[in-house]
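Colleague: I am new to this one. Can you take me through it step by step?

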Amino acid sequence: EDAVAFVFTGRLSRQKRIHTMLRCFSEFLSTNENSNAHLYLYGNPDHIGDQFLGKWESENEYFRKINKIYRQLPVAHQK
């Protein structure tokens with residue numbers, strides 16, 4: 001009943017700032033220890049990088065980065 005779901009649908013890309021969203025969610029969990037919050041990510045990773053910032057990435061480089069951040073979340077909140 002008191003569960004909160006955060007949902008993202010779209011490309012898992014640097015342009016969408018998924019890494020920032022994961023860090024913000026992690027901060028939310030650390031300040032709300034009793035929170036029953038879950039984060040759901042739906043989408044395919046890309047390797048576009050961020051051309052406007054001059055950042056280029058090899059295939060799956062960004063996915064590996066966000067996966068590393070994701071794995072640091074408490075297990076109960078990973079979906």
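Modeller: Start with tyrosine 62, which sits in helix 2. Keep in mind that this is a predicted model.

Colleague: Is tyrosine 62 buried or exposed?

Modeller: The cut-off for buried is under 20% relative accessible area. Tyrosine 62 has a relative accessible area of 0%, so it counts as buried.

Colleague: Which residues does tyrosine 62 touch, leaving out those up to four places away in sequence?

Modeller: Tyrosine 62 belongs to helix 2. Its partners include Arg17, Asp46 and Glu57. The others on the list are Leu12, Ser13, Arg14, Ile18 and His19.

Colleague: How far apart in space are tyrosine 62 and isoleucine 18, C-alpha to C-alpha?

Modeller: In sequence, 44 residues separate tyrosine 62 from isoleucine 18. The two residues also touch. From C-alpha to C-alpha, the distance is 9.4 Å.

Colleague: Where does histidine 19 lie, and is it buried or exposed?

Modeller: Histidine 19 is part of helix 1. Its relative accessible area is 9%, and the cut-off for buried is under 20%, so histidine 19 is buried.

Colleague: Which residues is histidine 19 in contact with, beyond its neighbours within four places in sequence?

Modeller: Tyr62 is one of them. Arg14 is another. The rest are Lys65, Ile66 and Ile69.

Colleague: At what angle do the axes of helix 1 and helix 2 cross?

Modeller: Two packed helices are described by the angle and the distance between their axes. Here helix 1 covers residues 18-31 and helix 2 covers residues 61-71. Their axes come within 10 Å and cross at roughly 0°.

Colleague: Are helix 1 and helix 2 roughly parallel or roughly antiparallel to each other?

Modeller: Angles under 35 degrees count as roughly parallel. The crossing angle is roughly 0°. Helix 1 and helix 2 are therefore roughly parallel.

Colleague: Which residues make the contact between helix 1 and helix 2?

Modeller: Helix 1 supplies Ile18, His19, Leu22 and Arg23. Helix 2 supplies Tyr62, Lys65, Ile66, Ile69 and Tyr70.

Colleague: How do the residues of that contact divide into nonpolar, polar and charged?

Modeller: Ile18 and Leu22 are among the residues of the contact. So are Arg23 and Lys65. The division is six nonpolar, one polar and two charged.

Colleague: What pattern does the protein chain follow along the sequence?

Modeller: The chain has two helices and two strands. Strand 1 covers 4-9. Strand 2 covers residues 37-42. Read along the sequence, the pattern is β-α-β-α.

Colleague: What is the phi of arginine 17 near?

Modeller: Arginine 17 lies in the loop between strand 1 and helix 1. It is partly exposed, at 34% relative accessible area. Most residues other than glycine have a negative phi. The phi of arginine 17 is positive, near 60°.

Colleague: Which side chain makes a polar contact with the side chain of histidine 38?

Modeller: Histidine 38 lies in strand 2. It counts as buried, at 14% relative accessibility. At 3.1 Å, its side chain has a polar contact with the side chain of asparagine 36.

Colleague: Which side chain makes a polar contact with the side chain of asparagine 32?

Modeller: Asparagine 32 is in the loop between helix 1 and strand 2. It is partly exposed, with a relative accessible area of 32%. A polar atom of its side chain lies 2.9 Å from the backbone oxygen of phenylalanine 28. The side-chain partner, at 3.2 Å, is threonine 31.

Colleague: Which residues does proline 45 touch, not counting those up to four places away in sequence?

Modeller: Proline 45 is found in the loop between strand 2 and helix 2. It is partly exposed, at 35% relative accessible area. Its C-alpha is 9.7 Å from that of arginine 64, 19 residues apart in sequence. The residues touched are Leu12 and Phe63.

Colleague: What share of the residues in the protein chain is buried?

Modeller: Tyrosine 62 is one buried residue. Histidine 19 is another. The chain has 79 residues, and the buried share is 29%.

Notes: Residues are numbered from 1 along each chain as its sequence is written. This is a predicted model: local features need pLDDT of at least 70, side-chain atom pairs count only at pLDDT 80 or more; totals for chains, interfaces and linings use all residues. Side-chain values use heavy atoms; hydrogens and water are left out. Axes are lines fitted to C-alpha atoms, for helices over the stretch in contact, and angles run from 0 to 180 degrees between N-to-C directions. Helices (H or I, at least four residues) and strands (E, at least two) are DSSP runs, numbered from the N terminus. Angles under 35 degrees count as roughly parallel, over 145 as roughly antiparallel, 65 to 115 as roughly perpendicular and the rest as oblique. Contact means heavy atoms within 4.5 Å. Ala, Val, Leu, Ile, Met, Phe, Trp, Tyr, Cys and Pro count as nonpolar, Asp, Glu, Lys and Arg as charged, and the others, Gly among them, as polar. Buried means under 20% relative accessible area, exposed over 50%, partly exposed in between (1.4 Å probe, protein chains only). A polar contact is a pair of N or O atoms within 3.5 Å; within protein, one must be able to donate a hydrogen and the other to accept it, and residues adjacent in sequence count only if both atoms are side-chain atoms.
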